[in-house]
Amino acid sequence: MRAISLLLFILAAITLRYPEAQAYDETLQVDVRESERQQGQFFNVSVTGSSGQPTLWFMERSFAMFRQPDSSWRALVPVENLTNPGSYAILVRTASFEQKIPVRVTPNNRKIQHIRLDPTKKGIRATETEKTRIKTALQIQTHEKLHSGVFLRPAPGRVSSLFGLKRSYNGGPVTSYHKGIDISAPQGTPVRSTAAGRVVLAGTVAEGFHLHGNTVVIDHGQGLTAIYMHLHTIAVKEEQIIDKGVVIGTVGHTGISTAPHLHWGTYLYGTSVDPLLFLGREY
Ligand SMILES: [Zn+2]
């Protein structure tokens, strides 16, 4: 008995020292779909063969892995837009297993966008109300996956501004980047939810959404949320469960906006990623 315990201890020690050996958990498998992603994209990581929830680490931050219908675990791990390009690792750990997968982050070469604002709108700052409520909503991590199938386009129209562009307002320094895409459309154009989910924020200018304008945030589950900004009208209420394609409001010009357009942003674990990665695709 003692000899077996000792053998198990040695095996465990070997497994921990040489994770790739997988001696202790032969059926457990970690898969990173694409090991090279650009700034503003995400890694699709899945773990099969683990009964317990694995932990995942990337850039000194831990990410929850969520249970899938086929009983695997998955995390869509965001690469923040301002991440330095280079070599990194994704670490996956269970009670008896650890594996480090080398990954690469490449530059997306998005340019600096110089934005002129209407003098009457210059100087508008986000209120504490909108900052807090939006941040809270975008960081929601629901264990259940609420969406299925391919993501729809939220509104017809030309994409007038891409994700990730560094922004300078009225000739000032670069202070932020564009955390979504802009779709140019006339005021009143219906805006539809790109996927099923739960409305976790419906905020209006009257409530203090001076910068973002009338805003809707939808939780699609498993760390994925989406924001729709500058709406003319809002057609949904907080806590409402909605299907894919449901009209959530109309295109507008509210908040800090130069012309009627929809700003659509997608977030993983509260980090902004390129919405175009979702259009017409399934995750
Ligand atoms: Zn925008």
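**Exercise 1. Place Leu28 in the chain and decide whether Leu28 is buried, partly exposed or exposed.**

Step 1. Leu28 sits in the loop between helix H1 (2-17) and strand E1 (29-32). Helices (H or I, at least four residues) and strands (E, at least two) are DSSP runs, numbered from the N terminus. Residues are numbered from 1 along each chain as its sequence is written. This is a predicted model: local features need pLDDT of at least 70, side-chain atom pairs count only at pLDDT 80 or more, and totals for chains, interfaces and linings use all residues.

Step 2. Apply the cut-offs. A residue is buried if 20 or more other C-beta atoms, placed from the backbone, lie within 10 Å of its own, exposed if 12 or fewer, and partly exposed in between. Leu28 has 18 other C-beta atoms within 10 Å, so Leu28 is partly exposed.

Step 3. Check a distance. Leu28 and Ser51 are 23 residues apart along the chain, and their C-alpha atoms are separated by 9.6 Å.

**Exercise 2. Find which residues of helix H2 (residues 128-138) are buried, and what they pack against.**

Step 1. The buried residues are Glu130, Arg133, Ile134, Ala137 and Leu138.

Step 2. These residues lie on the same side of H2, because they cover an arc of only 120° around the axis. The arc is that of the directions from the helix axis to the C-beta atoms.

Step 3. Turn to the other side of H2: Glu128, Thr132 and Lys135 are exposed there.

Step 4. The buried residues of H2 pack against strands E16 (197-203), E17 (214-221), E18 (224-231) and E22 (261-268).

**Exercise 3. Locate the largest nonpolar core and trace the contacts of Tyr228.**

Step 1. A nonpolar core is a set of buried Ala, Val, Leu, Ile, Met, Phe, Trp, Tyr and Cys residues joined through C-beta atoms within 7 Å. The largest one holds 50 residues; Tyr228 is among those that touch the most other members.

Step 2. E18 gives the most to this core, with 6 residues.

Step 3. The core lies between domain 1 (2-106) and domain 2 (112-277), because both give residues to it. Domain bounds come from an automatic or database domain assignment.

Step 4. Two residues are in contact if their C-beta atoms, placed from the backbone, lie within 7 Å. Leaving aside neighbours within four places in sequence, Tyr228 is in contact with residues including Pro154, Val216, Leu262 and Trp264.
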